[in-house]
Amino acid sequence: MRMGFHWKPSYNVKRVLESVNDGQDTQVFKYASCPDCGAVVTQPDSDGGDHPISLELANVVLSDNHCKCTHCGSQLWTLIRKEQRPNP
Ligand SMILES: [Zn+2]
């Protein structure tokens, strides 16, 4: 449920190089990160640890909830004007 004002997710995109296929290949993963401290946005997983979530999932999660950076506490959303229109 949305609150009574307009807002949108606010985050930076962080590219992380990770090894895949038992280290034989590397692949670039994109994660949402905190605009203030750069910490990758994570979510608790079923095994109790925090894991980075994909950019696609972050977009969904951050669009539905007002999230805060788990590292520095900065808000990962920003208010937007209701009457805001795209520039021509
Ligand atoms: Zn942060």
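This tour moves from the whole chain to a hairpin, its turn and the nonpolar core.

**The whole chain**

Begin with the complete protein chain of this predicted model. Colour it by secondary structure: one helix and six strands are present. Read along the sequence, these elements follow the pattern β-β-β-β-β-α-β. The protein chain has 88 residues, and buried residues make up 15% of them. If a contact map is at hand, consider the contacts between residues at least 6 apart in sequence; 48% of these join residues at least 24 apart.

**Strand β2**

Next, select residues 12–20, which form strand β2. How many of its nine residues are buried? The number is zero, so the strand lies largely in the open.

Within β2, select L17. This leucine counts as exposed because 8 other C-beta atoms lie within 10 Å, and the cut-off for an exposed residue is 12 or fewer. Residues up to four places away in sequence aside, L17 touches T26 and V28. A distance label between the C-alpha atoms of L17 and K30 should read 8.8 Å, although the two residues are 13 apart along the chain.

**The β2–β3 pairing**

Now add residues 25–33, strand β3, to the selection. Strands β2 and β3 run antiparallel and are joined by nine bridges. Two positions illustrate the register. E18 of the pair stands opposite Q27 in β3, and S19 has T26 in β3 as its bridge partner. As general background for viewing such a pairing, side chains in a regular strand alternate between the two faces of the sheet.

**The turn**

Follow the hairpin to its turn, where four residues lie between β2 and β3. Which residue in this turn has a positive phi of about 55°? One is N21, which is not a glycine. D22 lies in the loop between β2 and β3 as well, and its phi is near 55°, again a positive value in a residue other than glycine. These values merit a look at the backbone, because most residues other than glycine have a negative phi.

Check the surroundings of both residues at this point. N21 counts as exposed because it has 8 C-beta neighbours inside 10 Å. D22 is likewise exposed, with 6 other C-beta atoms within 10 Å.

**The nonpolar core**

Clear the selection and choose Y11, Y31, A32, C34, V40, V41, A58, L62, C67, C69 and L76. These eleven residues form the largest nonpolar core. Strand β3 (25–33) and helix α1 (55–64) each supply at least two residues of this core. Strand β3 is thus met twice on the tour: it pairs with β2, and it contributes to the core.

Finish at V40, one of the core residues. Where does V40 make its contacts beyond the residues up to four places away in sequence? V40 touches K14, Y31, S33 and P52. Of these, Y31 is itself listed in the core, while K14 falls within residues 12–20 of strand β2.

Definitions and conventions
Residues numbered from 1 in each chain as written. Predicted model: local features only at pLDDT ≥ 70, side-chain atom pairs only at ≥ 80, totals over all residues. Core = buried A, V, L, I, M, F, W, Y, C linked by C-beta atoms within 7 Å. Buried ≥ 20, exposed ≤ 12 C-beta atoms within 10 Å, placed from the backbone. Contact = placed C-beta atoms within 7 Å. Pairing = 2+ DSSP bridges.
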